[in-house]
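Please read these notes with the model open beside you, and take the points in order. They begin with one strand and then move outward to the ligand and the whole protein.

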Amino acid sequence: MSWTRRDVLRGAAAAAAGTAWRAAPATASAGGTAPAPSADRRNLHVAVVGAGVFGSFTALALRDRGVRVTLIDPWGPGNARASSGGETRIIRGVYGADSTYTELAARAFAGWAAFEARVGRRFLRPTGALWLVLADDAFLRAAIPVLAAHGLPHEELTTEAAAARWPQIRFAGVRWALYEPRAGYLLARQACAAAVEALVAAGGELRSAAALPGAVENGRLGPLRLSDASRLTADAYLFAAGPWLPRLFPEALGAHLKPTRQDVLFFGTPAGDRRFDEEHMPVWIEFGERLLYGIPGNERRGFKVADDSRGPEFDPTAGERLVAPESVARARELLARRFPALTDAPLLETRVCQYENTPDHDFLLDRLPGTDNAWIAGGGSGHGFKFGPAWGERVAATVLGERPVHAKFALARFPSSK
Ligand SMILES: Cc1cc2nc3c(=O)[nH]c(=O)nc-3n(C[C@H](O)[C@H](O)[C@H](O)COP(=O)(O)OP(=O)(O)OC[C@H]3O[C@@H](n4cnc5c(N)ncnc54)[C@H](O)[C@@H]3O)c2cc1C
């Protein structure tokens, strides 16, 4: 049977109507080659707008299901403006009592392993992740049974035990610590580029252009308008343009997605001092009034320090990427307090990135309102990268009607969308 546009619509309509969940077929190959496309979807063409982690891994998952895929991005996968454009991103399983994301994280660990085997490169560095609990620990306490339920290893450590294990960290004010040994960091922009290489190797297409949505007529989105003045017609359209989504759809998304500016700093460790390398230090997250975090090693870019608090609104296209002096001061205060050997560490590099926040920080995965052939996947809200392969599978399955839209990710959760 060949897939027609009507089949997609029927699947999408069934999904929207809340059809019983059907497991997506396993598509990830662990053996170093791409899975064979299934013949029944070769006539289906999906255009994916945006080659960040959401778009590139969804495009790959669609291609692995036999779909014809065109991926479009004006600046390329993991570019310096994209939220996925950093060197590194943390992967961890802790999400409080929220089993949706912990379950997705467990799938993501498997997904990254399969992707690494497929392309023959490593992107996940399992340094472990150390949570330093300063005050209210309800979020971390609630996470423990959820981690256990999803097979993600974790250790509860007294402050004394943690201090003995990582003497380069000062544990003043820390009540206890939670260690996730399987967690670590991902080579972010490189993974996006590798996903697109795998897509092209599997017969997908990458186009270097900016895309604008076509007009909606009779519930259908028309051809994309590309910056090279051409049009692109597909059976279905997926918009995965991260922080640019509210510009593409100001009416539907302007009130629900806000890009915020996030400063990241990289400090130089003392010459020959290996204590702050990834072999000797885990990714760390200080869980107090603010959530401060860092990545050791970090591709030799320096000791990475960042603050998860949401910054001011930011323009992802034209915004100047200069960090605020307050960010440097706050990072220096943290280094002096938590990593005494780095008190006078020189600032080597800075980066400004942006989160693409929903009000509740849950992702968005839904149809574009008023259409039955267009979808939105975004709202990573500062924690989306880790899920790349698992989220790509899920988005692909939803677009193809194999899974219903999950209420947690639906636009209808926002009052003004109802
Ligand atoms: C500083 C920082 C730290 C973070 N830390 C973590 C972390 O530790 N762990 C974690 O899991 N997550 C983390 N995140 C969040 C994570 O990086 C994002 O949620 C994720 O990268 C979002 O990916 P995306 O594909 O939705 O968007 P993006 O990566 O922004 O991709 C969108 C793409 O769309 C393209 N585009 C824009 N306009 C158009 C158009 N008109 N036509 C075609 N293409 C277009 C862009 O060029 C871009 O490539 C962090 C984010 C930041 C900024």
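**Notes on strand S7, the ligand and the whole protein**

1. From S7, the residues Trp176, Leu178 and Glu180 point one way while Ala177 and Tyr179 point the other way, and all are buried, where buried means under 20% relative accessible area, computed with a 1.4 Å probe and the protein chains only. In a regular strand, side chains alternate between the two faces of the sheet. Strands here are DSSP runs (E) of at least two residues and helices are runs (H or I) of at least four, both numbered from the N terminus.

2. This is a predicted model, in which local features need pLDDT of at least 70 and side-chain atom pairs count only at pLDDT 80 or more, whereas totals for chains, interfaces and linings use all residues. Residues are numbered from 1 along each chain as its sequence is written, and side-chain values use heavy atoms, with hydrogens and water left out.

3. Why is S7 largely enclosed by the rest of the structure? Because 5 of the 5 residues of this strand, which spans residues 176-180, are buried.

4. S7 pairs in the antiparallel sense with strand S5 (residues 129-133) over 5 bridges, and Tyr179 in S7 is the bridge partner of Leu130. Strand S6 (residues 155-158) also pairs with S7 in the antiparallel sense, over 4 bridges, and there Trp176 is the bridge partner of Thr158. Two strands are said to pair if DSSP finds at least two bridges between them.

5. The ligand is surrounded by 38 residues, the closest being Asp73, Ser83, Ser84, Ile90 and Cys353; a residue belongs to these surroundings if one of its heavy atoms lies within 4 Å of the ligand. S20 gives the largest share of this shell, 4 residues.

6. Several polar atoms lie beside the ligand: a backbone N or O atom of Val53 is 3.2 Å from one of its oxygen atoms, a polar backbone atom of Ala211 is 2.9 Å from a ligand nitrogen atom, and a polar side-chain atom of Glu356 is 2.9 Å from a ligand oxygen atom. The protein covers 97% of the 1,000 Å² of accessible area that the ligand has on its own, with areas taken from the Shrake-Rupley method and a 1.4 Å probe.

7. Turning to the whole protein, there are 10 helices and 22 strands, and buried residues make up 58% of its 418 residues.

Technical notes: A polar contact is a pair of N or O atoms within 3.5 Å; within protein, one must be able to donate a hydrogen and the other to accept it, and residues adjacent in sequence count only if both atoms are side-chain atoms. Buried means under 20% relative accessible area, exposed over 50%, partly exposed in between (1.4 Å probe, protein chains only).
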